[in-house]
Amino acid sequence: MAGKSSLSNEYTKRYYPEGALSRTHENRANLTSKRSFEEAAARGCIMESTCLMCDCTTMQLSVDLPDGIRGIIPKSEACYTPGASPDGADTKDIAIITRVGKAVQFKVVDMRTTESGETVAILSRRAVQRECYMNYISCLIPGDIIPARVTHLEPFGAFCDIGCGIISLLTVDKISVSRISHPADRFRPGEYISAVVMSRDTSDRIYLSHRELLGTWEENAAAFSPGQTVTGIIRSVEDYGIFVELSPNLAGLAELSDGAVPGACCSVYIKSIIPERMKIKLVLIDTCGPAEVTPCKYFIDTDAVSHIDSWRYSPLMCRKTVETVFERAISQVAELS
């Protein structure tokens, strides 16, 4: 059920995940020349470029800038964390080192000319993240739909940049209704996705969800009919059958068959579709090698809808209720086995 976001779309357009701002015409224009860079600095623009190096003695980052300008992000200006020490003493070295070779967003806090005539720009990534946090991140509420960029994957979830390098966690169980063994089954690092704000913890860290954007059981099942042979992905092999994913939010159960391996693409025959039980009975026809990771299809227009209050996955005639109620930030998920 759609609702009203606490934010206007201007904030998601102003505070991009790192890596996205570089693709804008405005950022490219700001970095065209020394003059355009200095004019953008005077206007207080957020800019983005590539981090070239980290001096691991001082933890100072060097940033690629136009016309021979030397860009420096001191350790104290590398990251913003609410409640952390402003001198960067709380910032872990790994959070700085891992920026090398990647895009960083920054504001210019000072311009200096050395005795040799070199122009040095002192940059602050921290200032950008603090502004993003104060004007955007701190205002997000459960149910808000936001853009994100997958930064790295762990067995327990996907870490996502939700604005200016501020990271949020999307746990593996919130990625889709169809169960996956690892986020790499669904995403690739660097991929741009949409996500839903699930909750905040006591340290004000935001947690995300994703499955609510991938359609209800009925929306997904509408693409299939009994008697069809279709492709799927084997997600697990149990004593009582083989779970085959037909789409990220829809899976069916096939009878046991030799050669079934989790992660393999396969062809299956659809025996029956039973909405009142959310069951799809399948027969495994053949396996076709490892499945490829493809972008997810969203059933919500994330450009037009910025918030949902709740989401019901299960059909109304089904005795099981599978839903997310964002007002309480509680996800209630029934077992689909």
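1. Two strands count as paired here if DSSP finds at least two bridges between them. By that rule β12 pairs with strand β13 (residues 250–254), through five bridges and in the antiparallel sense. Within this pair, glutamate 245 stands opposite alanine 251 in β13. The hairpin formed by β12 and β13 has two residues between the strands. The model is a predicted one, and the points below should be read with that in mind.

2. Strand β12 (residues 241–247) also pairs on its other side in the chain order. Five bridges join β11 to β12, and the two strands run antiparallel. Here isoleucine 233 has glutamate 245 of β12 opposite to it. Glutamate 245 is thus named in two pairings: it faces isoleucine 233, and it faces alanine 251 of β13. A hairpin of two residues connects β11 to β12. How many of the residues of strand β12 are buried? Seven of its seven residues are, so the strand is mostly covered, with buried meaning under 20% relative accessible area.

3. These strands belong to a barrel. Five strands close into it in the order β11-β12-β13-β15-β14, and the pairing is mixed. From one strand to the next, the twist averages 50°. At one place in this ring, strand β11 (residues 229–238) meets strand β14 (residues 264–274) in an antiparallel pairing over five bridges. Valine 230 has valine 268 in β14 as its bridge partner. As background, strands of a sheet pair through backbone hydrogen bonds, either parallel or antiparallel.

4. Arginine 179 is worth locating relative to the barrel strand β13. Arginine 179 sits in the loop between β8 and β9. Is it buried or exposed? Arginine 179 has a relative accessibility of 49% and therefore counts as partly exposed, since the exposed class begins over 50%. Its C-alpha atom and that of alanine 251 are separated by 8.7 Å, although the two residues are 72 apart along the chain. Alanine 251 is the residue of β13 that stands opposite glutamate 245.

5. Another set of pairings involves β9. Strand β6 (residues 145–154) and strand β9 (residues 192–200) run antiparallel and are joined by five bridges. In this pair isoleucine 146 stands opposite alanine 195 in β9. β9 is also joined to strand β10 (residues 206–209), by four bridges, again antiparallel. There valine 196 stands opposite serine 209 in β10. The hairpin of β9 and β10 has five residues between the strands, and in it aspartate 204 takes a positive phi near 70°.

6. The largest nonpolar core has 29 residues. Those with the most contacts inside it are Ile137, Cys160, Ile162, Phe187 and Leu208. At least two core residues come from each of α5, β6, β7, β9 and β10. The largest share, four residues, comes from β6. In soluble globular proteins, nonpolar side chains tend to be buried together.

7. The largest pocket has a volume of about 1300 Å³. Which residues lie nearest its centre? They are Thr81, Ala95, Gly165, Ile166 and Ile167, out of 42 residues that line the pocket. Elements that each supply at least two lining residues are α4 (93–97), α5 (125–135), β6, β7 (157–161), β8 (167–171) and β10. Sorted by class, the lining has 18 nonpolar, 13 polar and eleven charged residues. β6 appears in the lining of this pocket and also in the largest nonpolar core.

Methods. Residues numbered from 1 in each chain as written. Predicted model: local features only at pLDDT ≥ 70, side-chain atom pairs only at ≥ 80, totals over all residues. Heavy atoms only, no water. 1 Å grid on protein atoms, 1.4 Å probe; cavity = no way out; pocket = protein on both sides within 12 Å on 5 of 7 lines; lining within 4 Å. Points joined across faces, edges and corners; volume = space filled by probe spheres on them. Nonpolar A, V, L, I, M, F, W, Y, C, P; charged D, E, K, R; others polar. Axes fitted to C-alpha atoms, helices over the stretch in contact; angles between N-to-C directions. Core = buried A, V, L, I, M, F, W, Y, C linked by side-chain atoms within 4.5 Å. Buried < 20%, exposed > 50% of the residue type's maximum accessible area, 1.4 Å probe, protein only.
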